[in-house]
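Q: I would like a close look at one part of this structure: a helix and the helices that pack against it. Please take me through it slowly, and then show me some other places worth a look.

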Amino acid sequence: MKKVVSAFSVVAFLGSVSFAQEVNIKNLRQLTNGGDNAEAYFSPDGTKLTMQVTNPKEGVECDQIYELDLSIQNPTFKDLKLISTGTGRTTCSFFMPDGKHILYASTHEGGHACPAPPKANGKYLWPIFPEFDIYVADLNGKIVNQLTNTPGYDAEAVLSPDGKKIAFTSMRSGDLEIYTMDLDGSNVKQITFGLGYDGGAFFSHDSKKLVFRSSRPKTEEEIKEYKDLLSQGLVAPTNMEIYTVNVDGTDLKQVTNLGKANWSPYFHPSDKSIIFSSNHHSVHGYDFQLFMIDADGTNLRQITFESNFNAFPMFSPDGKKLVYASNRIPDKPKETNVYIADWVETDAAEVVQDKQLKKHVSTLASDKMEGRLTGSKGEQKAAKYISSELKKYGLKPYEGKSYLQKFNYKVRLNPHDSASTKDWHGTNVIGVLDNGAKNTIVIGAHYDHLGRNEHHHSTKVNSEGEIHNGADDNASGTAALLELARMYATNSTKEKVNYVFAFFSGEEDGLIGSKHMAESLKSKFPNVLTMINMDMIGRLSKDKALVIGGVGSSPDFGPIIDKTKPAGFTITIDSTGVGPSDHTSFYLKDIPVLFFFTGTHMDYHKPSDDEEKINYYGLRAITGFAARVANQIAEKGQMTFTKTKVETGKRTPKYKVTLGVMPDYTDHGDGLHIDGVVDGKAAANAGVVAGDILIAIGDCTIKDVYGYMECLSKLQAGDERELTVIRQGKEVKLKAAF
Ligand SMILES: [Zn+2]
């Protein structure tokens with residue numbers, strides 16, 4: 001019975017939308033079948049494509065240019081019409097403004113054979129064939145004009161939408177630069193001048209700008225490598241960023257600054273943003289996804305999530321279709337095919353705004369907020385700031401007439417003396433997006449922090465009086481929550497669920513605010529599908545390690561996370577519903593919970609947890625991720641709650657000794673990664689340093705944080721053990737006294 005139900009739900013899911021996380025892509029159709037098909041570009045009227053094809057099975061051994069009529073349903077290879085000569089190698093075709101001619105670059109005049117790529121010595125390199133020149137052919141393949149005849153590479157030609165100019169890449173200056181010319185090849189003008197491979201240009205829809213990708217080697221070493229390769233007819237496409245420039249060569253701007261390869265850019269029909277292919281996110285190199293970014297370099301968002309190659313995106317002239325090349329046939333991962341889809345515009349309100357995140361974090365983590373201690377003036381200031389934002393978005397209060405929910409508790413002032421308590425109070429801020437729905441999703445983040453260490457939760461000794469700004473803990477989660485509230489409240493969609501946006505106080509004193517709110521939640525919203533908690537999401541590491549807690553509280557979470565996770569992220573799943581943050585309060589009310597956390601660090605609970613250390617790339621990506629997860633849960637409409645087991649061996653054991661390290665809680669599988677070392681404790685005395693990977697204490701081996709806890713729990717005060725750490729790839733033995 002269970003199997004039948006799940007099979008049905010999969011079929012229903014595939015029937016409605018093929019890849020739910022690719023929200024901009026609808027009615028995806030595959031246009032080619034087999035071989036290598038790419039660089040497909042629309043005719044001026046949008047009814048045809050011209051593309052580059054290699055298909056040895058069909059006898060096409062060396063890139064040739066073909067035309068495809070888009071009115072043909074389910075086209076096969078025989079529907080492709082050869083335009084190029086069938087000899088030499090060709091690349092980069094584009095329709096002329098009359099729709100009756102195509103230009104393309106070809107090597108056929110330098111010989112009919114397929115030119116062999118120069119030796120790349122195992123590196124991933126692009127050949128720059130000097131024989132390439134740009135030709136114009138009619139749709140029967142007859143060459144009617146040759147537009148370039150200078151020695152060296154001339155290719156990558158495209159037409160301006162107004163039909164007046166051609167932009168192309170040429171080696172004629174000795175470097176790869178972008179040029180423009182008239183349609184007959186006259187009036188050649190150099191547009192770019194910087195050292196590096198400036199190429200792959202496309203015009204904006206108003207024909208006033210060009211967008212292109214460029215490798216701009218900077219260091220002496222990079223410059224030497226670039227020049228050496230170029231002299232052999234090669235370029236390394238490993239470091240390219242997206243640029244824009246006016247067609248007259250003025251106003252050169254770098255749009256991306258992401259690292260790795262950012263290429264094949266194309267202007268969105270509005271000319272305000274740019275779609276491009278990138279592997280910047282990938283740790284291991286080959287994973288190209290389509291992204292979009294505003295022309296001013298802000299608001300990066302991921303468009304494709306399927307397969308490891310998506311590139312050459314182009315919008316149809318009317319902006320309604322997107323064509324691109326992808327390897328998305330799972331059993332043929334090396335085949336590149338051309339796809340066409342209806343382009344679904346993102347509601348502008350649903351784009352995570354860099355500016356908003358930055359404003360929220362810098363406001364909340366400023367000294368003016370005095371560290372936002374529960375019940376303090378700083379907390380009140382922060383509550384006021386959050387309330388005014390919620391009011392702007394038109395949200396309803398959770399109870400009564402105000403967003404503020406006050407609570408009282410006893411705070412312990414001396415952590416070592418349970419009798420030293422004092423009556424204290426705090427304020428949650430809660431806004432509701434009431435869609436009149438049966439189901440509700442709660443998204444929460446605590447906004448309180450340690451103030452001036454009045455409640456003694458700081459990890460810095462003698463820090464009483466110093467402002468603990470708590471930028472990561474948890475202005476980061478608060479900013480993401482404010483941004484999600486804005487996105488859901490101001491978009492044009494009425495969601496299938498209500499949203500409760502809960503900003504907790506009293507978290508640092510023991511999850512006090514969230515416990516208080518959880519008490520009344522079910523009486524107001526009986527069907528809470530999930531509570532999503534974001535606490536410390538501002539320190540995404542280089543390897544993009546994100547911990548997601550609570551995953552075991554519903555069997556439905558696994559597939560949702562898998563489908564929606566940001567490209568390049570390393571997700572560590574912690575299945576338990578009980579953890580050191582506010583989701584615990586809701587898990588204990590039998591509500592499925594998720595907890596997003598980028599891990600602890602040297603500045604954790606110290607005055608140095610400041611705004612300038614926030615990784616905004618990560619914060620933006622996680623905010624978008626949380627929205628995708630929430631959307632999937634809302635769409636599902638029903639979530640099964642399961643109690644999570646505290647696995648034996650993963651129970652937090654009691655310790656009689658401490659090592660004095662700050663572990664990286666993400667699971668790397670090769671030992672305990674140490675983020676920091678506490679002065680004067682066993683690890684520091686033994687010579688352990690930040691960056692070490694602890695793999696054994698004595699003969700107790702350590703694979704992860706749980707193994708570490710296990711090993712540590714076996715020790716007594718006064719024990720001496722040898723610590724084995726991996727330092728810069730080498731095993732190092734150290735003597736530790738506990
Ligand atoms: Zn904290």
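A: What follows goes through the packing around one helix and then turns to the cores and a few single residues.

The model is a predicted one. The part to look at is helix α9, which covers residues 616–636. Three contacts of α9 are described here, one after another.

Start with helix α5, residues 471–490. The axes of α5 and α9 are 10 Å apart, and the angle between them is about 50°. An angle of that value makes α5 oblique to α9. The crossing of the two is right-handed. On the α5 side the contact is made by S476, A479, A480, E483, L484 and M487. On the α9 side these residues meet L619, I622, T623, A626 and A627. Sorted by class, the contact of α5 with α9 holds eight nonpolar residues, two polar ones and one charged one. In general, nonpolar side chains in soluble globular proteins tend to be buried together.

Helix α5 has a further feature in its backbone. The peptide bond between D473 and N474 is cis, with omega at about 0°. Of this pair, N474 can be placed in helix α5.

Next comes helix α3, residues 354–364. Here the angle with α9 is about 110°, and the axes are again 10 Å apart. An angle between 65 and 115 degrees counts as roughly perpendicular, and α3 and α9 are therefore roughly perpendicular to each other. This crossing is right-handed. From α3 the residues involved are D354, L357 and K358, and from α9 they are Y616, L619, R620 and T623. By class, the contact of α3 with α9 consists of three nonpolar, one polar and three charged residues. L619 and T623 of α9 appear in this contact, and L619 and T623 also appear in the contact with α5.

The third partner is helix α7, residues 557–564. Helix α7 packs against α9 at an angle of about 135°, with 10 Å between the axes. The result is that α7 is oblique to α9. The crossing of α7 and α9 is right-handed. In α7 the residues are I560, I561 and T564, which meet F625, R628, V629, Q632 and I633 in α9. By class, this contact has five nonpolar, two polar and one charged residues.

Now to the nonpolar cores. The largest of them has 79 residues, and L103, A157, L210 and V323 are the ones with the most contacts inside it. Take A157 as an example. Apart from neighbours within four places in sequence, A157 is in contact with C92, F94, L103, A105, I134, I166 and F168. A second, separate core has 78 residues, including L390, I441, L482 and A502.

A few single residues can be added. Y153 sits in the loop between β10 (143–146) and β11 (154–159). Y153 is buried, because 25 other C-beta atoms lie within 10 Å of its own. Its contacts, leaving out neighbours within four places in sequence, are with I128, F129, P130, F132, S170 and M171. Y153 and D175 are 22 residues apart in sequence, with their C-alpha atoms 9.9 Å apart in space.

D574 belongs to strand β34, residues 570–574. D574 has 20 C-beta neighbours inside 10 Å and so counts as buried. Between D574 and I548 there are 6.0 Å in space, C-alpha to C-alpha, although they are 26 residues apart in sequence. With neighbours within four places set aside, D574 is in contact with V547, I548, G549 and V551.

Two residues other than glycine have a positive phi. D271, with phi near 65°, is in the loop between β20 (262–267) and β21 (273–278). D271 has 17 other C-beta atoms within 10 Å and is therefore partly exposed. N453 has a phi of about 65° and lies in the loop between β30 (439–446) and α5. N453 has 22 C-beta neighbours inside 10 Å, so N453 counts as buried.

Technical notes
Residues are numbered from 1 along each chain as its sequence is written. This is a predicted model: local features need pLDDT of at least 70, side-chain atom pairs count only at pLDDT 80 or more; totals for chains, interfaces and linings use all residues. Axes are lines fitted to C-alpha atoms, for helices over the stretch in contact, and angles run from 0 to 180 degrees between N-to-C directions. Helices (H or I, at least four residues) and strands (E, at least two) are DSSP runs, numbered from the N terminus. Angles under 35 degrees count as roughly parallel, over 145 as roughly antiparallel, 65 to 115 as roughly perpendicular and the rest as oblique. A crossing is left-handed if the near helix is turned anticlockwise from the far one by less than a right angle, and right-handed if clockwise. Two residues are in contact if their C-beta atoms, placed from the backbone, lie within 7 Å. Ala, Val, Leu, Ile, Met, Phe, Trp, Tyr, Cys and Pro count as nonpolar, Asp, Glu, Lys and Arg as charged, and the others, Gly among them, as polar. A nonpolar core is a set of buried Ala, Val, Leu, Ile, Met, Phe, Trp, Tyr and Cys residues joined through C-beta atoms within 7 Å. A residue is buried if 20 or more other C-beta atoms lie within 10 Å of its own, exposed if 12 or fewer, and partly exposed in between; C-beta atoms are placed from the backbone.
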